[in-house]
Number of protein chains: 2
Amino acid sequence: MPITVVGSIAYDSVKTPFGERERMLGGAAVHFALAAAFFDEVRVVGPVGDDFREEDLDVMRERGIDAADVERISGGSTFFWRGEYGWDLNTRETLDTKLGVFEGFSPKLSRRSRESDVLFLANIQPELQLDVRAQLPGARFVALDSMNLWIETARDALERAIAGVDCVVLNDAELRQLTGKPSLIAAARELLSWTSSSEAARGPSVIVAKQGEYGAALVTRDGFFALPAYPLETVIDPTGAGDTFAGGLVGYIAAHARGAGGPPSDELLRGAMAHATVLASFNVEEFGTERVRRLTRAEIDARLSQLHAMTQFSGP
Amino acid sequence: MPITVVGSIAYDSVKTPFGERERMLGGAAVHFALAAAFFDEVRVVGPVGDDFREEDLDVMRERGIDAADVERISGGSTFFWRGEYGWDLNTRETLDTKLGVFEGFSPKLSRRSRESDVLFLANIQPELQLDVRAQLPGARFVALDSMNLWIETARDALERAIAGVDCVVLNDAELRQLTGKPSLIAAARELLSWTSSSEAARGPSVIVAKQGEYGAALVTRDGFFALPAYPLETVIDPTGAGDTFAGGLVGYIAAHARGAGGPPSDELLRGAMAHATVLASFNVEEFGTERVRRLTRAEIDARLSQLHAMTQFSGP
C-alpha cells in the first residue's frame, strides 16, 4: 500500500567522534522515505528553501520516491540542524536549529498524497500532524513520531494527534515523559487506552519504544516483543536512526498488511520490527544518508539472518 | 558441578517509590546463592557480624545452600547498605555504607568450598578476588563481577583478576569505563583479549553485559546474543537484580556444562542468559529476597516460556 510521509527535509551539520559533515541531506521525512522505499511506494510531503540542491532530490528519486509534494518555498531556507555527539554517541548537543521554511509551514497534500493507504506523521508540530491526519481520513494505517519538545509545549494537541493514529513510535524516555508512567509496559498500556472521541474512533493499537543502542520494544493489546539493536563495533553517526527505523517499520507493514483493515497481526509487526532494526543499523554506519542510499536488498536480508541468529535460544 | 560464591552478605535498608524496608537480608553472595541454588549445589563464603540473625542463615539453608563458610566475626557488624531509588528506579543514591566485618576480611575457604568446580567472585575488592581465585586453581569455570569503584581505585588488581577468569559479568556502563571503548562490542572484544600471563593462562572467553531494564548481552569469540529483560508493569525494588542474574547464569552453566572443560557452548550460554533473565525479573518484583525465597521451579519454567515467546520472530 502506498505511504505518505510528512516531516522535515533538512540540512544537517554533524560532528561525531569519528568525523564531521557540513550541510548534508537529512531530516525525518528523508530518512524515513529512504528506508520505507525498500518495501513500498513512498510519497514525501515537506518544504525546502531556495538553497535545496536538486541532487538531493535526486537521492530520493533514484529510490523511486515520489517527491512531487516537496514544496520549494521561494525566498526561504531549508530547515537546518547542527549537532555534536559525545564519545559514546549516547548524548548529543544541539548547537543550532534554523526552522527556515518550517516556520509557517502549512502542509498542502496533492490528491495523490491524500490517497495513500498508509501515513507516517514524522516528528513535527502536533497541530500540523492533526492537520495532515484530517487530510487522509480513509488511511488504513497511521503512525506518528514526536519528541520531548512537543510533550512539554503542545501536550494537548499531541494527545489529540495520538488518539487519531494506529501506531505510536517514540523514544523510550519520551514514552515515560508523555504518560508519567515509570515503566515501559505501564506507559504503553496507558497509550493503548487513548481512544479518539471522534466518529472514526480507534486510538493507538501498536506502541513502539525506540531504545537506541539497546534496540526496540513493541507493545500491543495482545503481546510484547523486544529486539536488541544489531551490534556494531563502531557507530559513526546516529542522526536519523530513529526515522530510518520508523521507515523500515512502517514500510514493511505497508507492504505486508492484507485484508480489509484492522490492526496488523503481531507476527507481521515482529517482522516489521526486525526489518526496522536492520535498516537503522545500516543508517548509523556512516554519516547521514550515505550508507542507506547505496544499501541493497541483499544486504538487508543478510543482516536480517544474522539478527535472527543472534536472538534465538532454545525454549524450555 | 558445585559452585562456590564469595561476596557480601549484608543488611540493606532500601527506599523505593513503592515502599521501604529496614535491615533486610541482602548482599551479592546471598542474592547469587538463592538464584543459583535452583540449578546446582552452592557454597557461600563471606563474613557476618554478631548482629546477623540465625533466621537469615535459614533462608539460605532452606534452599539447600551450604552456609558452613559464612564466618561470624565476634564483635563485628554485618555489612550494611542504605539506598534510595528514583521514580523510574534507574537512578539510586547510596545514603550509607558500613563495611563492618568486611573491613579486614580475609576469605578462609574450607576444603569443601575449595573443591567446587565452579567459582563466582561477586563484587568485592579485586585483591580478595585474586586471593580466592588462587585457592581454587582447578576450578573449571570461574566468573567475576565488579563495579565502578574498583575500576577507579584498584584497576591494576582488577585487570589481573579478570585475566584469571573465564567469564566477566559487568554492567554495560562499567564495561565501557573499564576498557575505554565506546561500544559494547568493542569493549567486549577488548576484554576477550585480556589473557593471563600465568601458567594456567586462559583469560575471559565469555563477556556478559547487564543492561538493567533493557536486558543483557552476551559476547563470546564465536558470537553475539542479546535478550530483553522480562517486561514488568511494576518494579518494586531492583536491589540484587544483577547478582540474582549472575546466580541464574552461573548456576545454569554449572548444572549443564559437560565434558572435560573448555568454554561452555554458545547454545548452553544462551540458555543460561534466558534463565538468568527470568530469575532477575522475579527478584525485582518484591523487596530484597522476598520474592525469590518463595519462588518455584514451575514459576521459572512458565516465565521462561513467556520470555521465549516474546523474543521470537520469523527469519527471512
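Colleague: Which residue forms a salt bridge with A:Glu71, and how far apart are the closest N and O atoms?

Modeller: Side chains of opposite charge can pair when their charged atoms come close. In this predicted model, the partner of A:Glu71 is A:Lys108, and their closest N and O atoms are 3.5 Å apart. The pair links distant parts of the chain, 37 residues apart: A:Glu71 belongs to strand β5 (residues 66–72) of chain A, while A:Lys108 sits in the loop between β7 (92–98) and α3 (111–114) of chain A.

Colleague: Is A:Lys108 buried or exposed?

Modeller: A:Lys108 counts as exposed, because its relative accessibility of 52% lies over the cut-off of 50%. A:Glu71, with a relative accessible area of 25%, is partly exposed.

Colleague: Which residue forms a salt bridge with B:Lys108?

Modeller: B:Lys108 pairs with B:Glu71, and the closest N and O atoms are 3.4 Å apart. B:Lys108 is in the loop between β7 (92–98) and α3 (111–114) of chain B and B:Glu71 is in strand β5 (residues 66–72) of chain B, so the salt bridge ties together parts that are 37 residues apart in sequence. B:Lys108 is exposed, at 53% relative accessibility, and B:Glu71 is partly exposed, at 24%.

Colleague: How many residues apart in helix α6 are B:Asp156 and B:Arg160?

Modeller: They are four residues apart in helix α6 (residues 155–163) of chain B, so about one helical turn separates them. Their side chains form a salt bridge, with 3.4 Å between the closest N and O atoms. B:Asp156 is exposed at 51% relative accessibility, whereas B:Arg160 is partly exposed at 43%.

Colleague: Which residues are linked in a network of salt bridges?

Modeller: A:Glu41, A:Arg43, A:Asp66 and A:Arg112 form such a network. A search of the whole structure gives 50 salt bridges over all chains.

Colleague: How many salt bridges does the rule find across the interface of chain B and chain A?

Modeller: The rule finds four across that interface. B:Arg176 and A:Glu213 meet in a salt bridge, at 2.7 Å from N to O. Between chain B and chain A there are also 18 residue pairs in polar contact.

Colleague: Which elements give two or more residues to the side of chain B that touches chain A?

Modeller: They are α7 (172–179), α8 (184–192), β13 (224–227), α10 (266–283) and α11 (297–310) of chain B. The largest share, seven residues, comes from α11(B). By type, the residues on this side of chain B are 19 nonpolar, 10 polar and 10 charged.

Colleague: What area is buried between chain B and chain A?

Modeller: About 3500 Å² is buried between them, and carbon and sulfur atoms give 61% of this area. In chain B, the residues that lose the most area to chain A are B:Tyr214, B:Glu233 and B:Phe313, together 21% of what that side buries. The contact takes 39 residues from each of chain B and chain A.

Colleague: By what turn and shift can chain B be laid on chain A?

Modeller: Two copies of a chain are related by a rotation about an axis and a shift along it. Here a turn of 180° and a shift of 0.0 Å along the axis lay chain B on chain A with an RMSD of 0.0 Å. The two copies are therefore related as by a two-fold rotation axis. In chain B, the C-alpha nearest the axis belongs to B:Tyr214, at 3.2 Å from it.

Colleague: Why can one say that the copies meet through the same surface?

Modeller: The reason is that 100% of the interface residues of chain B are also interface residues in chain A.

Definitions and conventions: Residues numbered from 1 in each chain as written. Chains lettered and ligands numbered in written order. Predicted model: local features only at pLDDT ≥ 70, side-chain atom pairs only at ≥ 80, totals over all residues. Heavy atoms only, no water. Contact = heavy atoms within 4.5 Å. Buried area = accessible area lost by both parts, 1.4 Å probe. Polar contact = N/O pair within 3.5 Å; in protein donor to acceptor, adjacent residues only side chain to side chain. Nonpolar A, V, L, I, M, F, W, Y, C, P; charged D, E, K, R; others polar. Buried < 20%, exposed > 50% of the residue type's maximum accessible area, 1.4 Å probe, protein only. Least-squares fit on C-alpha atoms with pLDDT ≥ 70 in both.
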